[in-house]
Amino acid sequence: MAPSALEHVLSSLPAATSSWQESITRRTGLAFDGGGGALRTDAFLIAFSGVTRELDASEQATPWCSWRTAWPLSELARAAMLLAAAQQLPADKYVTLLSDLYRYAESGEKCALLRTLPLIDEPRRFLNQATDASRGSIPTVFEALACENPYPAAHFPDGTFNQLVLKVVTMGLPLARVHNLPERVNAELVQMARTYAEERRGAGRSVPADLGLLTGPIRA
C-alpha cells in the first residue's frame, strides 16, 4: 500500500519533533499514528495556533512533494495536524473544523492550511476558503495559495484562476511560480494579459517580461 499523505509529512519532520507530537496528542487527543479516539477540536485549534511558539519557525523542512522544495518547520507540523485530524473526524465535522480554523486564523496559520489543501482528500470541499485567499489583501496568504501550490490549477474555474494569475503579475511575483500554468492558459486570460500590457505601455511603465508566458513574446 502506498504511503498516505500523513505518513509522507510525518517522515519529513525532524526526529526531534517526536516530543512535540506526543504533547499535541496529550493535549488534544490527536492521533498522528492514524488511530481512532476522540479529538478535542477546541484544544486542537489552540494547539494549532501555538505551533510557532513550540517549534522553530525559521527552521526549514524538506518534504517529499515535488511542487515545494522546502516548508517552514512550523507549516509542515501544522500540515501533519490537519491530515491527522482528517482521519479522526467525520467528514462534516472536519469541514467545520477547517472552516473555523480559516475564519479565525492569523496569517501564518492560513498559509499552512492553504499549502496543505492539495494533500487533503476531496480538497474541493474547501474551494470557498481558497477563493477567499485568492481575493484577500494579505500578501503572504495570497502567495501561499498562488505560488508552488497545485490547488488553484486543479480546482479553480477559469474566471477565478485568471484573476489569480493576473494578481500574481500585479504583485510582481514570477509567473513561473504558478503551478501548472501552461495547462490552464485560456483565451480570456491571454486577452486580460494583453490588455494589462497595453495599459502599462500607455502609462509609460514597463511590462513584466514573463507576461510572455501568457501572450507570447512581450514588446518592451
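These legends walk through several close-ups of one predicted model.

Residue numbers start at 1 along each chain as its sequence is written, and side-chain values use heavy atoms, with hydrogens and water left out. Since the model is predicted, local features need pLDDT of at least 70 and side-chain atom pairs count only at pLDDT 80 or more, while totals for chains, interfaces and linings use all residues.

**View 1. The whole chain, with 14 helices and two strands.**
Helices (H or I, at least four residues) and strands (E, at least two) are DSSP runs, numbered from the N terminus. The C-alpha atoms fill a box of roughly 60 × 35 × 35 Å along the principal axes. Of the 220 residues, 50% are buried; here buried means under 20% relative accessible area, exposed means over 50%, and partly exposed is in between (1.4 Å probe, protein chains only). A contact means heavy atoms within 4.5 Å. Among contacts with a separation of 6 or more, 61% are between residues 24 or more positions apart.

**View 2. Arg103 and Asp100, a salt bridge inside helix α6.**
Side chains of opposite charge can pair when their charged atoms come close. A salt bridge here is a side-chain nitrogen of Lys or Arg within 4 Å of a carboxyl oxygen of Asp or Glu, and the count by this rule is seven. In this one, N and O are 2.8 Å apart. The two residues sit three apart in helix α6 (residues 91-104), which puts about one helical turn between them. Asp100 is partly exposed, at 25% relative accessibility.

**View 3. Arg201 and Glu198, a salt bridge inside helix α13.**
The closest N and O atoms of this pair are 2.5 Å apart. Both residues belong to helix α13 (residues 187-202), and a spacing of three residues makes about one turn of the helix. Glu198 has a relative accessible area of 46%, so it counts as partly exposed.

**View 4. Arg177 and Glu143, a salt bridge between distant parts of the chain.**
Here the N to O distance is 2.7 Å. Arg177 is in the loop between α11 (158-170) and α12 (181-184), Glu143 is in helix α9 (residues 139-146), and the two are 34 residues apart. Both ends are partly exposed: Arg177 at 23% relative accessibility and Glu143 at 24%.

**View 5. The largest cavity, with about 30 Å³ of space.**
What counts as a cavity? On a 1 Å grid over the protein atoms alone, it is a set of points where a 1.4 Å probe fits but cannot get out, and lining residues have an atom within 4 Å of a point. Grid points are joined across faces, edges and corners, and the volume is the space filled by probe spheres set on the points. The structure holds one cavity of 30 Å³ or more. Its lining is made of Leu98, Tyr102, Leu113, Leu114, Leu117, Phe126 and Gln129, with α6 and α7 (107-116) each giving two or more residues.

**View 6. Cysteines without a disulfide partner.**
A disulfide is a pair of cysteine sulfur atoms within 2.5 Å, and the whole structure has zero of them. For Cys65, the nearest cysteine sulfur belongs to Cys147, 15 Å away. Cys65 is buried, at 6% relative accessible area. For Cys147, the nearest cysteine sulfur is that of Cys111, 11 Å away. Cys147 is buried too, at 1%.

Methods. 1 Å grid on protein atoms, 1.4 Å probe; cavity = no way out; pocket = protein on both sides within 12 Å on 5 of 7 lines; lining within 4 Å.
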